[in-house]
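New notebook page for a structure I haven't looked at before. I'll jot down what I look up as I go.

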Amino acid sequence: MTRLPAQTVLREWFHYDEATGVFTWIKEPKAIGSRLGKIAGSKNRFGYVIIGVPGFGQVQAHRLAWIYCYGLTIGGAEIDHIDGNPSNNAISNLRLATSTQQKQNKRVQSNNRSGLKGAYYHAAHKGKKWRTQIAVRRPDGSKKLIFLGYFETAEEAHRTYGEAAKKHFGEFARVK
């Protein structure tokens, strides 16, 4: 894991705009060329902004934003993008989450045939209906799969999944 810089180091090198989530250079890195006032970092193939911090290597901008604003490390927690957009590093879009909570905030998978989170076509069922289920973590960390039923339409299955997700995952539930 990458060693993370302290808040004082970040504030020495960068300005962070809390509203936009954009870092700009305020100190000239040696042997790089003129970067003063320019936007720091670039997006990786997953959409996360990565910034090269002198002496620390490449670090995800959302981690830097958290340290810049709150001056603390996150320990074993993860930083979740509330809107699901990995390049939106506005501090109001970031929150601490457990790994399980963060997984609940994922968008519908691209290979989902219905296009609706939680709705799966079940051809093996007599009526070839849509089914839905939800996975929740037990206190011991193991996963429990809860079957929520068969439905005539994908929309009904999706709606039922959404209700269960809100019940089990609260503010981290993403149903879109």
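**A charged pair to start**

I began with K27, which forms a salt bridge with E12; their closest N and O atoms are 2.4 Å apart. I then checked where the two sit: K27 is in the loop between β2 (22-25) and β3, while E12 belongs to helix α1 (residues 7-13), so the pair ties together parts that are 15 residues apart in sequence. Note to self: this is a predicted model. I also looked up the count of salt bridges, and it comes to three. Reminder on the background: side chains of opposite charge can pair when their charged atoms come close.

**The β1-β2 hairpin**

Next I followed β2 to its partner. Strand β1 (residues 14-17) pairs with β2 in the antiparallel sense, and I find four bridges between them. For Y16, the bridge partner in β2 is F23. What lies between the two strands of this hairpin? I see four residues there, and G21 takes a positive phi near 80°.

**Sheet β3-β4-β5**

Moving along, I came to an open sheet of three strands, ordered β3-β4-β5 and paired antiparallel. Its edge strands are β3 (42-43) and β5 (57-60), each pairing on one side only. I looked closer at β3 and strand β4 (residues 49-53), which are joined antiparallel by two bridges. There, S42 stands opposite I50 in β4. Which helix packs on this sheet? I noted helix α2 (residues 61-70), which touches β4 and β5 and whose direction makes about 80° with that of β5.

**Sheet β8-β9-β10**

Then I turned to another open sheet, whose three strands come in the order β8-β9-β10 with antiparallel pairing. Here β8 (120-122) and β10 (143-151) are at the edges with a single partner strand each, so one side of each is left without a neighbour in the sheet. Neighbouring strands are turned by 40° against each other on average, ignoring direction.

How many bridges join β9 to β10? I get eight between strand β9 (residues 129-137) and β10, with the two running antiparallel. I picked out two of the facing pairs: Q133 stands opposite F147 in β10, and R137 has K143 as its bridge partner in β10. The hairpin of these strands, β9 and β10, has five residues in between, and G141 takes a positive phi near 95°.

A helix packs on this sheet as well: α4 (residues 154-169) touches β9 and β10, and its direction makes about 10° with that of β9.

**The largest pocket**

Last stop, the empty space. The largest pocket holds about 1,000 Å³. I count 34 residues in its lining, and K103, K106, R107, Q109 and K117 lie nearest its centre. Which elements supply at least two residues of that lining? My list reads β6 (78-81), α3 (99-104), β9, β10 and α4. That brings back β9, β10 and α4 from the previous entry, where I had the helix packing on the sheet and touching both strands. I sorted the lining by class too: 12 nonpolar residues, 13 polar and nine charged.

Conventions:
Residues are numbered from 1 along each chain as its sequence is written. This is a predicted model: local features need pLDDT of at least 70, side-chain atom pairs count only at pLDDT 80 or more; totals for chains, interfaces and linings use all residues. Side-chain values use heavy atoms; hydrogens and water are left out. Two strands pair if DSSP finds at least two bridges between them. Axes are lines fitted to C-alpha atoms, for helices over the stretch in contact, and angles run from 0 to 180 degrees between N-to-C directions. Contact means heavy atoms within 4.5 Å. On a 1 Å grid over the protein atoms alone, a cavity is a set of points where a 1.4 Å probe fits but cannot get out, and a pocket is an open set with protein on both sides within 12 Å along at least five of seven lines; lining residues have an atom within 4 Å of a point. Grid points are joined across faces, edges and corners, and a volume is the space filled by probe spheres set on the points. Ala, Val, Leu, Ile, Met, Phe, Trp, Tyr, Cys and Pro count as nonpolar, Asp, Glu, Lys and Arg as charged, and the others, Gly among them, as polar. A salt bridge is a side-chain nitrogen of Lys or Arg within 4 Å of a carboxyl oxygen of Asp or Glu.
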